[in-house]
Amino acid sequence: RRGMSRRLEVTVQGWSALGQVWRPNEMVTVDLPIWGLEAVPLLIVSVDQSLSSRGRITQLTLAPREAYDLLPEGADNSNSDSLAGLPQEALELLQ
């Protein structure tokens, strides 16, 4: 539940990167040093593309991949922390 609640929304120019259209379920590396995110791999949860006076815009919803890991049935997962590898600044940003 904790991993599912942490999301990051990023707006980027264009509908693709390096010739590939943005797609859900793909991993991207987020590099936003000003927010404490440096080379943090995140999963694309959703993609919203639009065309406006600003041009082609894509809004990506990102989350830690671990948020979508299947948990074993009957396991006590109350103390599991799938975000343990992220820096504190990144955790605060994803709240």
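# Reading the sheet and its core

The largest nonpolar core of this predicted model has 11 residues: Leu8, Val10, Trp22, Val28, Val30, Leu37, Val40, Leu42, Ile44, Leu60 and Leu62.

Me: What makes these 11 residues a nonpolar core?
Reply: A core needs buried nonpolar residues joined through side-chain atoms within 4.5 Å. Leu8, Val10, Trp22 and the others listed form such a set.

Me: Which strands supply this core, and which gives the most?
Reply: At least two residues come from each of β1, β4, β5 and β6. β5 gives the most, with four residues.

Me: How do you know the order of the strands in the open sheet?
Reply: Two strands pair if there are at least two bridges between them. β4 and β5 have five bridges. β5 and β6 have nine. Both pairs are antiparallel. The full order of the four strands is β1-β6-β5-β4.

Me: Why are β1 and β4 said to stand at the edges?
Reply: Each has a single partner strand, so one side of β1 (8-13) and one side of β4 (27-32) are left without a neighbour in the sheet. From one strand to the next, the twist averages 50°.

Me: Which residues stand opposite each other across these pairings?
Reply: Val28 faces Leu42 in β5. Ser50 has Ile57 in β6 as its bridge partner.

Me: How many residues lie between the strands in the hairpins?
Reply: The hairpin of β4 and β5 has four, and Gly36 in that hairpin takes a positive phi near 80°. The hairpin from β5 to β6 has two.

Me: Why is Thr61 called buried?
Reply: Its relative accessible area is 10%. Buried means under 20%. Thr61 therefore counts as buried. This residue lies in strand β6 (residues 55-63).

Me: What is Thr61 in contact with, beyond its neighbours within four places in sequence?
Reply: The partners are Arg7, Leu8, Glu9, Leu43, Ile44, Val45 and Ser46. Two of these, Leu8 and Ile44, also belong to the largest nonpolar core.

Me: Is Leu18 buried or exposed, and how do you know?
Reply: Leu18 has a relative accessibility of 90%. Exposed means over 50%. So Leu18 counts as exposed. Leu18 is found in the loop between β2 (16-17) and β3 (20-21).

Me: What is notable about the phi of Leu18?
Reply: That phi is positive, about 55°, although Leu18 is not a glycine. Ala39 is also a residue other than glycine with a positive phi, near 55°.

Me: Where does Ala39 lie, and why is Ala39 called exposed?
Reply: Ala39 is in strand β5. Its relative accessibility is 53%. The cut-off for exposed is over 50%. Ala39 therefore counts as exposed.

Me: What makes the charged end of Arg56 sit over the ring of Trp15?
Reply: The distance to the ring centre is 4.7 Å. The rule asks for CZ of Arg within 6 Å of the centre and within 35 degrees of the ring normal. Arg56 is counted as sitting over Trp15.

Me: How many aromatic pairs does the count come to?
Reply: Zero. A pair would need ring centres within 6.5 Å.

Terms used. Residues are numbered from 1 along each chain as its sequence is written. This is a predicted model: local features need pLDDT of at least 70, side-chain atom pairs count only at pLDDT 80 or more; totals for chains, interfaces and linings use all residues. Side-chain values use heavy atoms; hydrogens and water are left out. Buried means under 20% relative accessible area, exposed over 50%, partly exposed in between (1.4 Å probe, protein chains only). Contact means heavy atoms within 4.5 Å. Axes are lines fitted to C-alpha atoms, for helices over the stretch in contact, and angles run from 0 to 180 degrees between N-to-C directions. Rings of Phe, Tyr and Trp (its six-membered ring) pair if their centres lie within 6.5 Å; planes under 30 degrees apart count as stacked, over 60 as edge-to-face and the rest as tilted.
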